[in-house]
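Please open the structure in your viewer and keep the selection tool ready. We will take a walk through it, one stop at a time.

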Amino acid sequence: MPIDLRLPPYNVKGDWSDNGSAIQDAANFYGLGNGTHPDNGGAVGETLMLPAGSVVSGKITLPPGIALQGANDYATTLVKSSSVTGEMDFVQGGDPAGLYASFGGALRHMNVWCSKTEEASGSVAAVRMTSVQDGTILDHVRIYGFKRRALICENGQGGASIIRLNQVT
């Protein structure tokens with residue numbers, strides 16, 4: 001059953017308020033491979049449910065096993081906050097610095113929105129999945145990258161494997 005981030009202790013709202021730290025805290029708690037122990041959060045991965053509306057966030061790093069899911073098809077828009085500069089990816093699945101891959105990581109049923117006017121380096125993306133493996137990584141997702149790349153899937157710690165994209169625009 002998905003973890004509803006609208007509920008305490010996370011209290012994420014779809015009202016244009018910045019929810020980045022709450023989303024990252026939930027991802028870190030429920031994700032695999034965060035920290036020095038392979039199961040630092042005490043869980044084996046979860047689907048984190050975001051509310052309908054516009055959910056503003058800074059950079060999000062999804063540990064293995066974490067899927068972010070909108071309320072239903074495209075009712076949730078994950079909006080990049082101004083804290084994510086033109087030299088940073090917005091949503092990162094896996095973490096090359098932390099040496100963990102994006103096993104089971106995904107985005108589902110949402111829009112991902114970056115700034116129309118912000119300049120961005122050619123090497124940054126709205127969504128970057130590192131060492132992607134294990135199934136459908138994007139499902140019913142619209143990415144509005146504007147001046148940054150929409151999606152980068154790359155190999156690294158263990159290399160890329162078979163991935164699926166389902167209804168991605």
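## First stop: a cluster of rings

Trp-113, Tyr-144 and Phe-146 are joined into a cluster by ring pairs. As you look at them, keep in mind that this is a predicted model. Four aromatic pairs are counted in total, and this stop visits two of them.

Begin by selecting Trp-113 and Tyr-144. Their ring centres are 5.0 Å apart and their planes meet at 45°, so this pair is tilted. Now colour the strands that carry them: Trp-113 belongs to strand E10 (residues 106-113) and Tyr-144 to strand E13 (residues 135-144), so the pair ties together parts that are 31 residues apart in sequence. Trp-113 is partly exposed, at 30% relative accessibility. Tyr-144 is partly exposed too, with a relative accessibility of 30%.

Next, keep Trp-113 selected and add Phe-146. How are the planes of Trp-113 and Phe-146 set against each other? They stand at 70°, with the ring centres 4.9 Å apart, so the pair is edge-to-face. Trp-113 is in strand E10 while Phe-146 sits in the loop between E13 and strand E14 (149-154), so parts 33 residues apart in sequence are tied together here. Phe-146 has 37% relative accessibility and counts as partly exposed.

## Second stop: a charge over a ring

Select Arg-142 and Tyr-74. The charged end of Arg-142 is placed over the ring of Tyr-74, 3.7 Å from the ring centre.

## Third stop: strand E11 and its partners

Select residues 125-130, which make up strand E11. Are the residues of E11 buried or exposed? Six of the six are buried, so this strand is largely enclosed by the rest of the structure.

Now bring in the partners of E11. Strand E8 (residues 91-93) runs parallel to E11 and is joined to it by three bridges. To see one place where they meet, pick Gln-92, which stands opposite Arg-128 in E11. E14 also pairs with E11 in the parallel sense, over five bridges. Keep Arg-128 selected here, and add Ile-152, its bridge partner in E14. While you have these strands on screen, try following the side chains along one of them: in a regular strand they alternate between the two faces of the sheet.

## Fourth stop: three buried residues

Start with Gln-24, found in helix H1 (residues 20-30). Gln-24 has a relative accessible area of 16%, so it counts as buried. Which residues does Gln-24 touch, leaving aside its neighbours within four places in sequence? Select Lys-59, Ile-60 and Thr-61 to see these contacts.

Move on to Ser-54 in strand E4 (residues 53-57). Ser-54 is buried as well, with 14% relative accessibility. Leaving aside neighbours within four places in sequence, the contacts of Ser-54 are Lys-13, Gly-14, Asp-15, Trp-16, Thr-77 and Val-79.

Then choose Pro-64, in the loop between strand E5 (60-62) and strand E6 (66-69). The relative accessible area of Pro-64 is 6%, which means that it is buried. Add Gly-94 and draw a distance line: Pro-64 and Gly-94 are 6.1 Å apart, C-alpha to C-alpha, although 30 residues separate them in sequence.

## Fifth stop: two cysteines

Select Cys-114 and Cys-153 and compare their surroundings. Cys-114 is buried, with a relative accessible area of 1%, whereas Cys-153 is partly exposed at 33% relative accessibility. A disulfide is a covalent bond between the sulfur atoms of two cysteines. How many disulfides are counted in this model? The count is zero.

## Last stop: the whole view

Clear your selections and zoom out. The protein has one helix and 15 strands. What share of its 169 residues counts as buried? The figure is 50%.

Turn on the surface: the accessible area of the protein is about 7,600 Å², and 52% of it belongs to carbon and sulfur atoms. Finally, think about how the chain meets itself. Among contacts with a separation of 6 or more, 72% come from residues 24 or more positions apart. For a closing look, return to Trp-113 and Phe-146, the edge-to-face pair that links parts 33 residues apart in sequence.

Technical notes:
Residues are numbered from 1 along each chain as its sequence is written. This is a predicted model: local features need pLDDT of at least 70, side-chain atom pairs count only at pLDDT 80 or more; totals for chains, interfaces and linings use all residues. Side-chain values use heavy atoms; hydrogens and water are left out. Rings of Phe, Tyr and Trp (its six-membered ring) pair if their centres lie within 6.5 Å; planes under 30 degrees apart count as stacked, over 60 as edge-to-face and the rest as tilted. Helices (H or I, at least four residues) and strands (E, at least two) are DSSP runs, numbered from the N terminus. Buried means under 20% relative accessible area, exposed over 50%, partly exposed in between (1.4 Å probe, protein chains only). A charge sits over a ring if NZ of Lys or CZ of Arg is within 6 Å of the ring centre and within 35 degrees of the ring normal. Contact means heavy atoms within 4.5 Å. Accessible areas come from the Shrake-Rupley method with a 1.4 Å probe; for residues, only the protein chains shown count as cover. A disulfide is a pair of cysteine sulfur atoms within 2.5 Å. Two strands pair if DSSP finds at least two bridges between them.
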